[in-house]
Structure formats: C-alpha cells, structure tokens
Amino acid sequence: AMLAVLIAVYVPIAFQGGLTGALFTEFAFTLIGTIAVSTIVALTLSPMMCSRLLTHHDGSHGWQDRVASYVDDRFDRLHTYYERKLHGSLKTIGVTVTFAVLVTLGIYGLLATPFLQRELAPQEDQGFVFVAGQGSAVATPAQYLLYAKEIYQRLRKYPEVDGVFQALFNGQFFTGVVLKPWEARTKKVVQLSQEMTGDLHQVAGLNVGAFPLPSLPGPGGFPLEFVITTTQNFDRLNQVAQDFYSQVQDQFWFSQIDLKIDKPQSTIVIDRDKTAAIGLTMADVGNALTAMLSGGYVNYFTLDGRSYRVMAQADQPYRLNAQQLLNYYIRAADGKLVPLSTVAHIETTTVPETLPHFQQLNAAKISGVPKSSEGAVLAKMKQIADKTLPDGFSIDYSGESRQYVQESSGFGVVIGFALIVIFLVLAALYESFRDPLIILTSVPPAVAGAMVFIYLFGAFGFTGASLNIYTEVGIVTLVGLISKHGILIVDVANRLQREGQSKRDAVEHAAGIRLRPILMTTAAMVLGVTPLLIASGAGAAARFAMGLTISSGIAIGTLFTLFVVPAFYVLLAEDHAKERANQPQSELPDLPHA
C-alpha cells in the first residue's frame with residue numbers, strides 16, 4: 001500500500017507540463033524508480049539480513065546492550081504516555097474532529113492571507129544585478145551618455161561590486177553589475193538591488209531600477225509584468241491605465257508603464273502656393289531637407305590612397321531642435337537661396353512613444369520590481385483592477401508573472417489529481433472507500449504544518465520561505481509521506497478487529513504498536529532533509545524551500561496523525577468484528593501480538 005501511494009503521488013508530477021514538468025519530470029521518475037527498487041529490497045533482502053544480523057540483547061554485548069536498554073526504556077515511557085493521552089482523546093472524539101476541521105480550514109486561511117509570500121521561485125543569489133530604465137521621451141544620446149556615467153560612478157562605490165558593463169540602444173539602456181563571490185561579501189543580491197534602486201532614484205530625469213536575474217529560465221523582462229487590454233482606442237486606454245498606475249505605484253521599488261503619450265512630434269507644414277510661386281515643387285523641398293538631415297550616402301573620395309564614404313548632413317549645432325529647420329536654405333528656381341521659413345512652418349503635437357499590443361488587443365503593460373512577493377503584489381493589483389477598471393477593459397499577465405499564474409493554477413490540479421489517485425489505489429487495495437478516507441485525514445494537518453512554517457519563516461525574511469514551485473512540489477511529496485502513517489495504523493487496526501477487538505480497542509492498540517515505526521520514519525525523513533535546510537551557495541534557496549516544507553510538514557503532521565487518524569477511525573471505519581462472527585473459524589487471519 002505504501003509503495004502504491006508513494007508512486008501514485010509522483011505520477012501527476014511526472015506528466016506535468018510547463019515549467020514544473022521541465023524541472024521535475026526527472027525528479028519524479030527518479031523517485032518512482034527508487035521507491036520501487038527499495039520496496040523489492042525491503043521484501044527480499046531485508047528479511048534475510050534480519051535473520052542473520054539481529055541478535056537478542058542478553059547483556060553479552062556490553063555498551064551496545066546498555067545503549068539499547070536505555071533507548072528501549074525511554075521509548076516504553078513515551079509509549080505508555082502516548083497510549084494514556086490517546087485513550088483520553090478518544091473519550092472526546094468531537095473535540096479532536098473539530099480541531100482537525102479547524103486545521104483544515106486554516107489552510108484556506110493561510111492561502112487567503114496577503115502576508116503569505118508567493119512567487120514563482122525563490123530568488124537565488126547569482127552574483128549579478130541587472131539595472132534598466134528609461135529617460136525622458138526627448139532625451140538625446142548625449143544625455144544618455146551622461147546618465148550612464150553617473151550610474152557607473154554610483155554603482156562602483158559599493159564594495160560588493162566587482163565589475164560594471166553598460167549598453168545604450170534605441171532610447172533605452174541597461175547596466176550589468178557583477179558582484180564579488182559569496183564569501184567576499186556580506187550582503188545578499190536582493191538587499192543590494194534594493195539599495196542600488198534607492199541610490200539610482202537620485203539621478204535626475206531618469207526612471208531606473210535594479211533587480212536580480214530570475215532564478216528560472218523564462219521570457220526575460222522585469223520580475224512583474226501586469227497588462228491591461230482593451231479594444232477601445234489608445235487615448236481612452238491611456239486615461240484608464242494612468243489612473244490605475246497611480247494607484248499601484250506604491251507596490252513597487254521601481255516601475256514603468258509602456259504606453260506613454262508624451263513624445264513631441266514636429267511636422268513641417270509646407271505652403272504649396274508659396275512653394276509654387278518661387279518655382280519649386282514639393283519634391284524639390286523634400287530633396288533639399290533630405291540632403292541636410294538624412295546622413296545618407298553620397299559618394300566616396302580618395303585621400304592618400306584610402307577611400308572614404310561621403311555622408312551629407314548638417315552639423316550637429318544646426319539640428320538640435322525642430323525650429324532650427326526653418327533656418328535651412330533652399331534654392332529657388334531663379335538660383336537664389338531662401339530660408340525654409342518662407343514657404344513652411346512647424347506644428348508640434350504629442351504622440352505615443354509606442355502603440356503596444358498584447359494578444360492582438362490594444363494594451364498597456366505595467367512592469368517593475370515589487371516591494372513584497374510577486375504573488376502578493378499581483379493579487380493586490382488584480383483586486384484594484386476588479387474594482388476600478390471600467391467595462392471593456394481586462395487584465396492579463398506577461399513574462400515571469402504569466403509563468404507564475406500558470407504554474408500556480410496548475411498546482412491545484414496536480415495535488416487534487418494526486419489525492420484522487422491515492423484514494424482510488426487505496427480503495428482497490430483495501431476493498432473499501434472508508435479506509436482510504438481515514439488514511440487521508442492525516443494530509444490536512446501535515447499541509448497546514450508546512451504552511452505555518454512557510455508563513456513564519458517568510459515573515460522573518462528567510463529566502464525561499466514562500467509558496468513557490470519548490471514548496472508546492474514539497475507539499476505533493478508530503479502528501480505521500482504522511483499517508484504512510486495512516487496506512488500503518490489502519491492496516492493493523494483492521495487486523496486486530498478481525499481478531500475480535502472493538503474498533504476503539506483495535507485502533508488504540510494499533511497506534512501503540514505502530515508508534516515506534518512512525519516516529520522512526522519521521523525522524524529519518526527530518527534528518528534526511530536537514531542538509532537542504534543548512535545548504536549554502538548556488539541553489540541554496542530552492543533546496544531550503546523544499547527542505548522546510550517536508551521537514552516541518554512531516555513533523556507536525558505526525559504529531560496530529562497520532563491523534564486524528566484514530567479518532568476518524570472510530571467514527572468512519574467498518575466494524576470488522578462482525579465479519580469475524582460470520583466467518584468460519586478456519587478462515588480467520590492470525591496476527592502475532594507485538
């Protein structure tokens with residue numbers, strides 16, 4: 001039964017799609033193969049080794065016997081104490097069941113609280129900080145060079161910085177900050193990125209932020225990207241998006257919106273009548289301006305045996321603003337030079353920098369670095385959007401945020417499917433729908449225990465203590481591990497009932513008999529994942545997330561299971577004593593007393 005449960009719980013993970021499938025397919029199949037082989041060993045090699053290696057403690061082994069006697073004595077005391085407490089709890093089953101129901105409801109309460117950290121994956125310290133941002137719509141390349149110089153000077157002041165490189169392109173820039181190795185600095189990459197963002201906000205005229213690289217492969221971009229879409233025109237979209245943006249800006253260390261109607265556009269309006277009066281055509285005026293502004297290829301000239309490309313363009317001091325164009329001279333039909341202002345004037349309007357679209361809809365994307373966890377900020381933004389966005393506007397997600405939403409929704413399906421598979425497998429093994437239900441009552445306390453520790457550690461700022469892709473897989477693993485305890489108790493209780501004991505006596509004795517293997521299994525699992533809790537270096541946050549989930553869930557879940565499962569067994573289990581009364585004596589099973 002335990003083999004079937006542990007394999008069944010990993011089957012949904014093994015066939016999961018998306019990022020979860022890419023990361024954990026090998027993990028699931030490895031554990032399935034390991035569990036299958038270890039079960040074969042347990043049923044074949046282990047009994048043989050027991051017959052050869054186990055000895056009776058008769059005092060001839062010196063300190064080994066003393067240690068064994070000491071452990072047995074302490075465990076006997078624990079066993080007696082547990083049986084006394086269990087007997088008392090079964091007198092007030094209603095209290096135990098109510099407590100179990102409250103713990104189960106507590107899971108929903110923890111999931112609903114905005115203080116539970118949620119993210120796609122814990123932020124790993126990769127020793128690299130990415131700095132990106134935008135300047136004014138009218139900022140020139142020369143201004144961006146000044147921005148880049150000031151940013152470089154500010155970043156180089158940090159003792160943790162090992163190197164900086166920068167790139168400018170198409171009115172935007174990015175800066176890469178390479179940090180010193182972990183052992184050469186005391187500050188983590190998240191702390192440094194927040195400090196750098198605050199420092200870079202002092203650069204006048206520039207909206208800039210610093211953030212670590214994502215821990216998992218993805219589409220790139222900022223850590224959070226929230227999209228507003230509509231079929232209405234961009235003027236209306238800009239009005240709605242800017243109003244929404246003003247309400248959520250306080251959720252970010254750094255943020256920006258890609259729909260900006262703030263770019264001045266100058267148009268040369270030519271008077272056709274005046275142009276014709278001086279004997280010129282529109283093509284003549286256009287060609288004259290092209291020669292002054294386009295920087296196009298004209299010819300080559302040779303000097304000292306080398307060829308140089310000739311590119312015609314007015315010198316920079318004469319093309320700093322649009323009004324200077326009116327001072328350019330064009331040649332009239334009679335050969336005289338006249339200023340462009342004779343036949344033209346300039347009209348300036350404000351236009352969008354870009355016209356962004358998403359899923360073939362007009363869109364405005366808000367992106368940035370959230371102050372709290374990604375999931376909490378997305379939930380807050382969705383809540384505000386539901387209240388404020390007018391009809392005809394909807395929300396969507398892009399980049400890493402889209403991955404987070406997809407993987408989070410898929411987790412509920414995975415754990416639900418895992419529970420269904422476990423229930424059906426146990427129902428087939430026990431030929432009962434009641435026993436699997438009793439066994440699965442051990443799952444909610446374990447999940448609640450893991451969630452409480454995730455919440456508490458997250459509140460104290462531990463990296464990885466959040467509801468993320470690793471803790472979710474840890475919870476699915478926890479479901480299979482904690483179900484083993486219920487199987488141990490229910491299986492023995494059923495056998496004791498068939499020997500003639502009542503349901504309550506049977507489950508009390510079964511829990512006492514199985515107390516030691518349950519505690520040994522729990523201790524082995526907690527100690528087994530302890531290296532994950534104290535890991536450091538690359539990937540430490542992901543390992544801590546999974547280790548915290550399994551260790552806390554199995555420890556707390558075991559404590560609750562020892563009282564919850566017996567209570568539900570008394571309430572829901574079939575009365576197998578009646579089966580014994582109807583069976584011939586020769587068919588009754590034998591169960592050695594422990």
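**Exercise 1. In this predicted model, decide whether Asp 72 is buried, partly exposed or exposed, then find its salt-bridge partner.**

Step 1. The relative accessibility of Asp 72 is 30%. Buried would need a value under 20%, and exposed a value over 50%, so Asp 72 counts as partly exposed.

Step 2. Now look for the partner: Asp 72 is joined by a salt bridge to Arg 516, and their closest N and O atoms lie 3.1 Å apart.

Step 3. Place both residues. Asp 72 belongs to helix 3 (residues 63-89) and Arg 516 to helix 15 (residues 503-533), so this pair ties together parts that are 444 residues apart in sequence.

Step 4. Check Arg 516 too: with a relative accessible area of 31%, Arg 516 is partly exposed.

**Exercise 2. Work out which residues are linked in a network with Asp 73.**

Step 1. Begin with one pair: the side chains of Asp 73 and Arg 74 form a salt bridge, with 2.6 Å from N to O.

Step 2. Add Arg 77, and you have the network of salt bridges that links Asp 73, Arg 74 and Arg 77.

Step 3. Consider accessibility. Asp 73, at 32%, counts as partly exposed, and Arg 74, at 36%, is partly exposed as well.

Step 4. For the wider picture, the whole structure holds 12 salt bridges.

**Exercise 3. Find out whether Asp 125 and Arg 185 are buried or exposed, and where in the chain they sit.**

Step 1. Find the contact: Asp 125 and Arg 185 make a salt bridge, their closest N and O atoms being 2.9 Å apart.

Step 2. Locate the two ends. Asp 125 is in the loop between helix 4 (93-112) and strand 1 (128-135), while Arg 185 is in the loop between strand 3 (172-179) and helix 6 (189-200). The pair links distant parts of the chain, 60 residues apart.

Step 3. Compare each value with the cut-off for buried, which is under 20%. Asp 125 has 14% relative accessibility, so it counts as buried. Arg 185 has a relative accessible area of 9%, so it is buried too.

**Exercise 4. Describe how helix 11 and helix 14 pack.**

Step 1. Find the helices: helix 11 covers residues 399-430 and helix 14 covers residues 469-498.

Step 2. Take the geometry: their axes are 11 Å apart, and the angle is about 15 degrees. Angles under 35 degrees count as roughly parallel, so helix 11 is roughly parallel to helix 14.

Step 3. Finish with the handedness: helix 11 and helix 14 cross in a right-handed way.

Conventions
Residues are numbered from 1 along each chain as its sequence is written. This is a predicted model: local features need pLDDT of at least 70, side-chain atom pairs count only at pLDDT 80 or more; totals for chains, interfaces and linings use all residues. Side-chain values use heavy atoms; hydrogens and water are left out. Axes are lines fitted to C-alpha atoms, for helices over the stretch in contact, and angles run from 0 to 180 degrees between N-to-C directions. Helices (H or I, at least four residues) and strands (E, at least two) are DSSP runs, numbered from the N terminus. Angles under 35 degrees count as roughly parallel, over 145 as roughly antiparallel, 65 to 115 as roughly perpendicular and the rest as oblique. A crossing is left-handed if the near helix is turned anticlockwise from the far one by less than a right angle, and right-handed if clockwise. A salt bridge is a side-chain nitrogen of Lys or Arg within 4 Å of a carboxyl oxygen of Asp or Glu. Buried means under 20% relative accessible area, exposed over 50%, partly exposed in between (1.4 Å probe, protein chains only).
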